[in-house]
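Visitor: I've got a structure open here and some questions about how it is put together. Could you walk me through it?

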Amino acid sequence: MTLAALTGQLLAFIARLITGAQGHWKGCPPMAEQRIYIANHQSHFDLVLIWAAFPHELRAQTRAIAARDYWTKSAFRRWLTTSVFNAIYVSRTRSNPDEDPLEPLVEALGRGDSLVIFPEGTRSNKGHPMPFKSGIFHLAEQFPEVPLIPTWIDNVQRVMPKGEVVPVPILCTVTFGEPLRLREGESKADFLCRAREAVMEQRPHPEAAPPRTEGD
């Protein structure tokens with residue numbers, strides 16, 4: 001067994017030990033088919049928690065999206081994301097106007113990989129996801145045959161709050177909902193709102209949804 005594979009198993013074990021890392025497949029079975037998992041984003045621990053909640057066969061073909069500016073700051077972070085999680089780096093800001101941040105995602109989907117995407121683009125600790133960015137809409141347009149799985153990661157912000165590096169033992173769950181696809185003629189704004197609501201519907205204890213605001 002390689003060091004990367006061993007590290008992956010160790011991280012999954014630690015995540016389960018600290019959080020329970022329970023995966024609830026409420027709207028779909030854990031099948032090793034090509035999918036795009038769209039999840040809320042509250043902590044850098046999100047990636048590890050989803051990894052631990054996946055069965056082994058899903059980990060082998062599913063790649064997470066990692067922010068280049070954060071995950072390449074050190075050699076260890078680069079090794080962890082590339083060798084262990086087989087992540088895809090994306091830039092949160094464009095270095096030039098012609099750069100297409102979706103290009104590496106399109107290439108991965110074209111090869112048959114599954115993806116884990118955090119459509120908010122950055123972490124939020126407000127309970128409700130921030131409005132989704134348009135990238136997920138363009139991927140749904142280009143790959144209409146790939147189902148999008150709304151995913152809710154619960155309690156992880158309490159395990160590793162922003163700015164902390166030592167996780168706190170807290171029971172966490174990852175709930176996977178019913179697949180959704182872009183509807184014929186559906187506008188970008190309507191799709192992004194519907195996808196965000198589908199993610200929020202997977203909360204174990206749903207709260208009242210916030211009022212819809214302009215730009216949602």
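Visitor: Let's start with a backbone angle: what phi does glycine 112 take, just after helix 6?

Guide: Bear in mind that we're looking at a predicted model. Glycine 112 comes just after helix 6. Its phi is positive, at about 100°.

Visitor: And helix 6 itself: which of its residues are buried?

Guide: Helix 6 spans residues 103-110. Its buried residues cover an arc of only 95° around the axis, so they sit on the same side of helix 6. That side packs against strand 2, strand 3, strand 4, strand 5 and helix 7. The residues you're after are Leu105, Ala108 and Leu109.

Visitor: Now the sheet: which strands stand at the edges?

Guide: There are 7 strands in an open sheet with mixed pairing, and the order reads 1-7-6-2-5-3-4. A strand at the edge has a single partner strand, so one side of it is left without a neighbour in the sheet. From one strand to the next, the twist averages 25°. The edge strands are strand 1 (22-25) and strand 4 (88-90).

Visitor: Strand 2 and strand 6: do they run parallel or antiparallel?

Guide: In general, strands of a sheet pair through backbone hydrogen bonds, and either direction can occur. Here, 4 bridges join strand 2 (residues 36-39) to strand 6. Alanine 39, for one, has threonine 151 as its bridge partner in strand 6. The two strands run parallel.

Visitor: Which helix lies across strand 2 and strand 6?

Guide: Look for a helix covering residues 188-200. It runs at about 45° to strand 6. That's helix 9.

Visitor: Back to threonine 151: is it buried or exposed?

Guide: Threonine 151 is found in strand 6 (residues 148-154). Leaving out residues up to four places away in sequence, it touches several others, including Tyr37, Ile38, Val174, Phe176 and Val199. Its side chain also reaches the backbone oxygen of isoleucine 149 at 3.1 Å. Since its relative accessibility is 1%, and under 20% counts as buried, threonine 151 is buried.

Visitor: Last one: which side chain makes a polar contact of 2.6 Å with that of aspartate 46?

Guide: Aspartate 46 has its place in helix 2 (residues 46-53), and it counts as buried because its relative accessibility is 0%. Its C-alpha is separated by 7.2 Å from that of isoleucine 153, although the two are 107 residues apart along the chain. The side chain that joins aspartate 46 in the 2.6 Å polar contact belongs to histidine 41.

Technical notes: Residues are numbered from 1 along each chain as its sequence is written. This is a predicted model: local features need pLDDT of at least 70, side-chain atom pairs count only at pLDDT 80 or more; totals for chains, interfaces and linings use all residues. Side-chain values use heavy atoms; hydrogens and water are left out. Buried means under 20% relative accessible area, exposed over 50%, partly exposed in between (1.4 Å probe, protein chains only). A polar contact is a pair of N or O atoms within 3.5 Å; within protein, one must be able to donate a hydrogen and the other to accept it, and residues adjacent in sequence count only if both atoms are side-chain atoms. Contact means heavy atoms within 4.5 Å. Two strands pair if DSSP finds at least two bridges between them. Axes are lines fitted to C-alpha atoms, for helices over the stretch in contact, and angles run from 0 to 180 degrees between N-to-C directions. The arc is that of the directions from the helix axis to the C-beta atoms.
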